[in-house]
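Biologist: Please take one part of this model and go through it closely, with the distances and the cut-offs behind each term. I would like one connected account.

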Amino acid sequence: GRGGGGPRLYLDAKELAKLVGERWRALSDEEKAPWAEQARVDRARYEEELKAHIDAHADGGASAQAQADPATEEFELLSGSLQERAQARGRGDGGAAGEEQEAAGAGETRAEEAAEEKAESMEE
């Protein structure tokens, strides 16, 4: 492991799934009812959205393109700029240094979070 000998402040996915499953099975049918209703509502919404998507693309997407909205246009602009960045990285004229800086920043953030969690656990 990681050493340190202190209390472990995380669960891996397998442990988390086991705990969640145990808690779910411990609930009564009455306690599960709101979640079952939410699942039913979400499933109905999904089926409606899927049908609308299929209908919109049944003609090869012509009707969907005719109904373009600003959010779609914004998405297309953003995806275009991401494609340009990817192409620039492929040419070697940018991107790599920025990725390294982003990765370093993410590492620093995680290190700060871990330090805060450790300090909080020591206070308890």
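**Salt bridges along α2**

Modeller: Asp42 and Arg45 are three residues apart in helix α2 (residues 29-57), so about one helical turn separates them. Helices here are DSSP runs of H or I with at least four residues, strands are runs of E with at least two, and numbering starts at the N terminus. This is a predicted model, in which local features need pLDDT of at least 70 and side-chain atom pairs pLDDT 80 or more, while totals for chains, interfaces and linings use all residues. Residues count from 1 along each chain as its sequence is written, and side-chain values use heavy atoms, without hydrogens or water.

The side chains of Asp42 and Arg45 form a salt bridge, and their closest N and O atoms are 3.9 Å apart. The term requires a side-chain nitrogen of Lys or Arg within 4 Å of a carboxyl oxygen of Asp or Glu. Asp42 has a relative accessibility of 30% and is partly exposed. Arg45 is also partly exposed, with a value of 41%. The classes are buried (under 20% relative accessible area), exposed (over 50%) and partly exposed (in between), with a 1.4 Å probe and protein chains only. This pair does not stand alone, since a network of salt bridges links Asp42, Arg45 and Glu49.

A further bridge in this helix joins Arg43 to Glu47, with an N to O distance of 2.9 Å. Arg43 and Glu47 are four residues apart in α2, which means that about one helical turn lies between them. Glu47 is partly exposed, at 42% relative accessible area.

Farther along the sequence, Lys51 and Asp55 make a salt bridge, their closest N and O atoms 2.8 Å apart. Both residues belong to α2, and the offset of four residues is again about one turn of the helix. The two partners fall in separate exposure classes: Lys51 is exposed at 52%, whereas Asp55 is partly exposed at 45%.

To place these pairs in the whole model: a search of the entire structure finds five salt bridges. The fold has five helices and zero strands, and its order along the sequence is α-α-α-α-α. Of the 124 residues in the protein, 3% are buried. The accessible surface of the protein is about 10,900 Å², and carbon and sulfur atoms account for 55% of that area. These areas are from the Shrake-Rupley method with a 1.4 Å probe; for residues, only the protein chains shown count as cover.

One neighbouring element may serve as a reference. Helix α1 has 14 residues, and the distance from its first C-alpha to its last is 20 Å, close to the 20 Å expected at 1.5 Å a residue. That expected span is 1.5 Å times one less than the number of residues. In the segment before α1 (13-26) sits Leu11, a partly exposed residue with a relative accessible area of 44%.

In short, the α2 pairs described here have closest N and O atoms at 3.9 Å for Asp42 with Arg45, 2.9 Å for Arg43 with Glu47 and 2.8 Å for Asp55 with Lys51.
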